[in-house]
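Please open the model in your viewer and keep the sequence panel beside it, ready for a short walk from the whole chain to a few selections.

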Amino acid sequence: MSGPNETPSPKPLLRTLAGDAVWPPPMWLMRQAGRYLPEYRELRAQAGDFIALCTAPTLASEVTLQPIRRYGMDGAILFSDILMVPWAMGQPLRFAEGEGPVLEPVRDATAIGRLDPSVCAANAAPILETVRLVRAGLEAEAPRTTLIGFAGSPFTVACYMVEGHGSRDFAAARGMAYGDPALFGRLIRILIEASTEYLCAQADAGAEALMLFDSWAGLLAPSQFRRWVIEPTASLVRAIRKRHPLIPIIGFPRLAGPMLIEYSQRTGVQCLGIDTSMDLRWAASAVPPRMALQGNLDPLSLVAGGMALEAEARSILGAMRGRPFIFNLGHGIEKVTPPDHVSALVRLVRTG
Ligand code: 1CP
């Protein structure tokens, strides 16, 4: 972003986040570094487990840069995971093959009392080193690409911390939010503090924009959405802005539906990630006009490729022309995506 006395950034993604309707739109894809890429699978095999990969700066920065080299994306997202925040606060975590993340659940005051938000950024030192290496790599190889740091939003991270694993409904976490809101609120405040330190440290290390993944926001009833998504996100954004007043922040409250309107008005984010289920024209008409939108191609249309992909991508471009927009998926890329389909999509978006 540029202040009154600065020249505008030459980076298309940063210009879009500042409210310019850059066209053709900048693009990147959620989970663009990952198993669908042969070069990732090769490097992953060298690293051992997933946490080892996330905490090995040379390997993690290499993985982050792989899709930039292959496709010239406008955004490079730090290769890490939203669960590295609980890990950095001392909650035992492992990624079981084919099973997803497994944590030792925190469900009572004793377990929550053991979490220390003040050690998060220090324990995340290897991830912050990755940010430095990626930024240096981009300066050298892809000077127009923007480095995006990220964290999970407090609510979504709390879901995994309480549940202990992935879930369709996160009943234990949402149950705690109703049954013992004081305790759930304590966990949320710990996460706001840890995430503030962690995200500010990413910005200090060279992240140029930040994204908050709230993958499970859409599970909440409206009253709960206000209390556990909007208010904590607003506090987190305010706390980051005290130290990094200009850093653009992308909020992604997945499956928020019409609650997107309040989210856009009250959280202070500059850009909204839009999931696949949402009509982009509706989103554009419902939120402030200078607010950038990001999304929302169905990852399965990218698996299919051909005419189906072309029709979906063109419809998104047609709906978004003339407003600040970042082309992306509406959820993470599928493991079975042919890399050539991504090349075809990049060509299509680049011609506007
Ligand atoms: O073994 C492997 O290769 C692990 C697979 C994997 C990968 C590649 C996981 C485990 N995380 C990641 C990377 C990751 N996760 C990134 C990297 C950057 C990129 O986009 O390229 C990011 C931004 C995330 C964010 C993340 N992790 C989210 C939010 C987005 C979303 O997908 O909804 C969530 C919910 C997680 C938790 C998580 N980590 C990994 C898995 C399989 C899951 C989902 C678990 C579940 O709920 O079932």
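The tour starts with the whole chain and ends around the ligand.

Before selecting anything, note that this is a predicted model, in which local features need pLDDT of at least 70 and side-chain atom pairs count only at pLDDT 80 or more, while totals for chains, interfaces and linings use all residues. Residues are numbered from 1 along each chain as its sequence is written.

Select the protein chain and show it as a cartoon: there are 17 helices and nine strands, taken as DSSP runs (H or I of at least four residues for helices, E of at least two for strands). The C-alpha trace spans about 55 × 45 × 45 Å along its principal axes. If you colour the chain by burial, 47% of its 352 residues count as buried, that is, with 20 or more other C-beta atoms, placed from the backbone, within 10 Å of their own.

Next, select residues 26-35 and 148-164, where UniProt, in an unreviewed entry, places the feature "domain: Uroporphyrinogen decarboxylase (URO-D)"; such annotations may be inferred rather than shown by experiment. Residues 26-35 are 0% helix and 0% strand, with end C-alpha atoms 23 Å apart, and residues 148-164 are 59% helix and 29% strand, with end C-alpha atoms 27 Å apart.

Finally, centre on the ligand: which residues come nearest? Of the 21 residues around the ligand, these are Arg31, Gly100, Gly166, Phe213 and Ser215, where a residue counts as near if its C-beta atom, placed from the backbone, lies within 6 Å.

Technical notes: Buried ≥ 20, exposed ≤ 12 C-beta atoms within 10 Å, placed from the backbone.
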